[in-house]
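Student: I have a structure open and would like to go through its strands, core and side-chain contacts. Can we take it one question at a time?

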Amino acid sequence: MPIQLFHVDAFADAPFSGNPAAVCLLGEEARDGRWMQAVAREMSLSETAFIQRRGEAMSIRWFTPTLEVDLCGHATLASAHVLWESGVAPREAPIAFTSRSGPLRARDVDGWVELDFPTRPAFPLEAPPGLLAGLGVRPRFVGRNIEDYLVIVDDEEKVRTLTPNFSRLRELGLRGVIVSAQAKEGPADFVSRFFAPGVGIPEDPVTGSAHCCLGPYWSERLGKDELTGYQASPRGGWVRVRVAGDRVFLRGQARTIAVGELRV
């Protein structure tokens, strides 16, 4: 039986912006990780999400073209959008996901998808060899969490014009590198970019999971719990962020670009 497959732009207020993701709605038949990885490689997008109902919750797994990851914001946002738009889940009720990062939730808030994710704060450390050489910047702060390095610079323009050495960054051993600065003026409070050549993604257009780190950092520095982030990749995208204890709430919009069937 054909499997429904969706191509969605997440954290996007218009088509062909934000971060594209594939969403695969699985039926009752079990599919193993090797099969999912093969599909993700075929899709050749930064992330492909696989959704399967497990009782009252939805199981979600995320794959880049090269490996499975523990947490992905934009593909989860795209998945919630697909479940509501296709009628699989009622829009008026939150969606509960089970995942490798524990329970996650999504709800509709005035036409925006709000994700309830765990915070991933960064702890300060000395920059490892290769990190600053790979970025070519002088940082104000360097930290890391379980997945990524966080590098803060003093000028928004440095973030926007950064041209990393991906070969150097690929050698660092973590998932990726977040680079951020305070925005010069609104509506953004901060800008960022995210590089993950080690998992097959030189630059990710808009990274929800990176805001699980950016939210706590900028909330503490700017003294506010609600912020707006702009990820300044060539496609670009907006993320509304609210920090509440050890949870971060991320809001974004999504646009369905294509709908099809997977016939294998």
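Student: Which residue in the turn of the hairpin formed by β13 and β14 has a positive phi?

Tutor: Bear in mind that this is a predicted model. Strands β13 and β14 make a hairpin, with four residues between them. Two bridges join β13 to β14 (residues 201-204), and the strands run antiparallel. The turn residue with a positive phi, about 85°, is Gly-200.

Student: What is the bridge partner of Phe-194 in β14?

Tutor: β13 covers residues 190-196, and β14 covers residues 201-204. The β14 residue bridged to Phe-194 is Asp-204.

Student: Is Phe-195 buried or exposed?

Tutor: The cut-off for buried is under 20% relative accessible area. Phe-195 has a relative accessible area of 0%, so it falls under that limit. Phe-195 is therefore buried.

Student: Which residue forms an aromatic pair with Phe-195, and how are the rings set?

Tutor: The structure holds seven aromatic pairs. One of them links distant parts of the chain, 29 residues apart, from strand β13 to helix α5 (residues 166-170). The partner in α5 is partly exposed, with a relative accessible area of 28%. The ring centres are 6.1 Å apart with 55° between the planes, which makes the pair tilted, and the partner is Phe-166.

Student: How many residues apart in sequence are the parts tied together by the pair of Phe-141 and Tyr-217?

Tutor: Phe-141 and Tyr-217 form a tilted pair, 5.2 Å centre to centre and 45° between the planes. Both Phe-141 and Tyr-217 are buried. Phe-141 belongs to strand β10 (residues 141-144) and Tyr-217 to helix α6 (residues 211-222), so the pair ties together parts whose separation in sequence is 76 residues.

Student: Which residues are linked into a cluster by ring pairs?

Tutor: The pair of Phe-141 and Tyr-217 is tilted, and both of these residues belong to the cluster. The full set linked by ring pairs is Phe-141, Phe-190, Tyr-217 and Trp-218.

Student: Which helix gives the most residues to the largest nonpolar core?

Tutor: That core has 54 residues, and Trp-62, Phe-97 and Leu-150 touch the most other members. The top contribution from a helix is seven residues, and it comes from α2 (residues 73-85).

Student: Why is strand β1 described as largely enclosed by the rest of the structure?

Tutor: β1 pairs with β18 (residues 254-262) in the antiparallel sense over eight bridges, and Gln-4 has Glu-261 as its bridge partner there. β1 is also joined to β2 (residues 19-25) by seven bridges, again antiparallel, with Ala-10 opposite Asn-19. The description itself rests on burial, because the buried residues of β1 (residues 3-10) number six of the eight.

Student: Which residue shares a polar contact of 2.9 Å with the side chain of Arg-120?

Tutor: Arg-120 lies in the loop between β8 (112-118) and β9 (123-124). Arg-120 has a relative accessible area of 14%, so it counts as buried. Beyond four places in sequence, the residues it touches include Leu-71, Ser-101, Cys-212 and Cys-213. The side chain joined to Arg-120 by the 2.9 Å polar contact is that of Glu-147.

Student: Over the face of which residue does Arg-242 lie?

Tutor: Arg-31 lies over the face of Trp-35, at 4.5 Å from the ring centre. Arg-242 also lies over a ring face, at 4.2 Å from the centre, and the ring is that of Phe-249.

Definitions and conventions. Residues numbered from 1 in each chain as written. Predicted model: local features only at pLDDT ≥ 70, side-chain atom pairs only at ≥ 80, totals over all residues. Heavy atoms only, no water. Buried < 20%, exposed > 50% of the residue type's maximum accessible area, 1.4 Å probe, protein only. Polar contact = N/O pair within 3.5 Å; in protein donor to acceptor, adjacent residues only side chain to side chain. Contact = heavy atoms within 4.5 Å. Core = buried A, V, L, I, M, F, W, Y, C linked by side-chain atoms within 4.5 Å. Pairing = 2+ DSSP bridges. Phe/Tyr/Trp six-rings, centres within 6.5 Å; stacked < 30°, edge-to-face > 60°. Lys NZ or Arg CZ within 6 Å of the ring centre and 35° of its normal.
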